[in-house]
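Please open the structure in the viewer and keep the selection tool at hand. The stops below proceed from selection to selection.

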Amino acid sequence: MKLTTLFFTLMLFFQNAYASEMPQDELLKKMIGRMLIVGFDGQSVTKDSQIVKQIQKYHLGGIILFDRHFNERTKTKNISSPSQLKTLTSSLKSFALKPLLISVDQEGGKVARLKSAYGFEATPSAKIVSEMDAYMAKRIYDNLAKTLKDAGINCNFAPVVDLAVNPQNRVIAGLKRSYSNEPKEVTKYAKIFMNSLRDKNIISVIKHFPGHGSSLEDSHNGFVDISKTWSEIELEPYIELIHSGDADMIMTAHVFNSNLDELYPSTLSYKANTELLRDKLGYKGVIVSDDLQMGAIAKHYTLEQIVTLSINSGVDMLLFGNQLSYQNSDELVETILAQVKNGAIPLSRILESNSRVEQLFTKIKIK
C-alpha cells in the first residue's frame, strides 16, 4: 500500500473510531508534534541531546537552524562551517523516526544563515537578482540550491514575495528582500528560485502572507498595522503561484490588517488564512506561521491563545525559533493537547494539518 493511501486510511479510521472519543494521549501528542518546527542550541547532537529526545518522543515535524544567537550576535548557534553543518543535519536525520524538515532562512543578501564567512557560497539579495536576466538568476539559485542540498537542508524559508511598495519599509525594501514593486516581476524571479529548489527536492516557503511590503514597522519587535497602507495588489504573487501549482508552503505574516480582520493579526486570523487564502484563493498546501515568539504575537497573547488561535485560523505548522525566547517542546505539546481535549481546538484541525504535512513530505520526497 502506498504511503499516502495508508495515511488517509489511518485518518479515516481515526475520524470514524474516535467520533465521540479522543485518540490516546500518546498518539495525539505525536500528531501535535508533527505540526511543530522548533529551534535549538548546539552545533552537534547525540542520542542524549534534548532536541533528539523531543524529535523522537513527539515525531516533530521540523527544526530550524540559525548561525548566530539573535541577542548575542558573536555567539554561534547551529552553523559554523559546511562540514559541521553537514554532520549536524545527517545526525538529525539519522535520529529522527519520521521524515523531518530541516529548515533555514536562506534568501540571499542580508538574510542568510549560510554565510560566505563560514565557507559557503554567497548569494545576492533579491533586489540585486532582479537586476539580472532570467539565465543569470537561474544560475544564482541553482548554486544556492546545491549549497543547501550538500548541507542537508530540505526546507528553505524563501523566497520573499512581498512587494516593495513602500520604500520606507525597513524590514523588506530596506533589506533589499523584495524583487520589485511589480507583481509580475516578483512572481517571475520567485518561480526561478522555487524551481531551483524543487530540482534538489528542497521545499520552498513563500512569505509573508498576505503581504508585509507596505509596513513601516518590524513584527519582530511588536505590533505592526498595515490597514492604511496595504492593497490587494499584494495578493497577486500568491494568486499566480497558487494557480500555477508552485506554492507548497506559505508563511503567514504577523501584521494586523483591518481590511481582512478587525480583531487579529494575520497569523491568528481565520478570515485571512481560511476564508481568504484557502477558500477564496484556493490554496490547498501547508500554511506555516512566522516565528510565534516575535513581539507582534508574543507581547500580546498568552501561549494558550497563540496556539489555539493560530491552529484554528488554519495554520498547519507552528514555528518556534527559540531565538527571541525559549519555549520547551514538552510545554508546547502539552498546551495544545489540553486545548484539544477541552474542545478549544477541534480534533479535525489536527487531522487536517497532519494530512497536509504528510502530503507535502510525499510530494517533495522528503525521507
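Select first the lining of the largest cavity, whose residues divide into four nonpolar, three polar and one charged. For these classes, Ala, Val, Leu, Ile, Met, Phe, Trp, Tyr, Cys and Pro count as nonpolar, Asp, Glu, Lys and Arg as charged, and the others, Gly among them, as polar. The residues to pick are Glu121, Ala122, Thr123, Pro124, Ile140, Asn143, Leu144 and Thr147. A cavity is a set of points, on a 1 Å grid over the protein atoms alone, where a 1.4 Å probe fits but cannot get out, and lining residues have an atom within 4 Å of a point. The space in this cavity is about 40 Å³, where a volume is the space filled by probe spheres set on the points, with grid points joined across faces, edges and corners.

The model is predicted: local features need pLDDT of at least 70 and side-chain atom pairs count only at pLDDT 80 or more, while totals for chains, interfaces and linings use all residues. Residues are numbered from 1 along each chain as its sequence is written, and side-chain values use heavy atoms, with hydrogens and water left out.

**The second cavity and its cis proline**

The structure holds two cavities of 30 Å³ or more. For the second largest, select Glu107, Ala126, Pro159, Val160, Arg177, Tyr179 and Phe193. About 30 Å³ of space lies there, and the lining has five nonpolar, no polar and two charged residues.

Keep Pro159 selected. The peptide bond that joins Ala158 to Pro159 is cis, with omega near 5 degrees. Pro159 belongs to the loop between strand 6 (155–156) and helix 7 (183–199); helices (H or I, at least four residues) and strands (E, at least two) are DSSP runs, numbered from the N terminus.

In the loop between strand 6 and helix 7, move to Lys176. Lys176 has a positive phi of about 60 degrees although it is not a glycine. Its relative accessibility of 46% makes Lys176 partly exposed; the classes are buried under 20% relative accessible area, exposed over 50%, and partly exposed in between (1.4 Å probe, protein chains only).

**Beyond helix 7**

Asn201, in the loop between helix 7 and strand 7, also has a positive phi, of about 55 degrees, although it is not a glycine. Asn201 is partly exposed at 32% relative accessibility. Next, select Phe209 and Pro210, whose peptide bond is cis with omega near 5 degrees. Pro210 sits in the loop between strand 7 and helix 8 (236–243). Most residues other than glycine have a negative phi, and most peptide bonds are trans.

**The sheet**

Now display the strands. Eight of them form an open sheet in the order 9-8-7-6-3-2-1-10, with parallel pairing; two strands pair if DSSP finds at least two bridges between them. At the edges are strand 9 and strand 10 (318–320), each pairing on one side only.

Select strand 8 (residues 249–252): Met249 and Met251 on one side and Ile250 and Thr252 on the other are all buried. Which residues are the bridge partners of Met249? In strand 7 (residues 203–209), which pairs with strand 8 over three parallel bridges, Val205 stands opposite Met249. Strand 9 (residues 286–288) runs parallel to strand 8, also with three bridges, and there the partner of Met249 is Val286. Between these two strands, helix 9 (residues 270–280) completes a right-handed β-α-β unit: with the strands pointing away from the viewer, the path from the first strand over the helix to the second runs clockwise.

Then select strand 1, where Leu36 and Val38 point one way, Ile37 and Gly39 the other, and all are buried. Three bridges join strand 1 to strand 10 in parallel; Leu36 faces Leu318, and Val38 has Phe320 as its bridge partner. Strand 1 also pairs with strand 2 (residues 62–64), parallel over three bridges, and Ile37 stands opposite Gly62. The crossover from strand 1 through helix 3 to strand 2 is a right-handed β-α-β crossover.

**Last stop: Lys47**

Lys47 lies in the loop between strand 1 (36–39) and helix 3 (50–58). Is Lys47 buried or exposed? Lys47 is exposed, with a relative accessible area of 56%. Not counting residues up to four places away in sequence, Lys47 touches Val52, Lys53 and Phe95 (contact means heavy atoms within 4.5 Å).

Definitions and conventions
1 Å grid on protein atoms, 1.4 Å probe; cavity = no way out; pocket = protein on both sides within 12 Å on 5 of 7 lines; lining within 4 Å.
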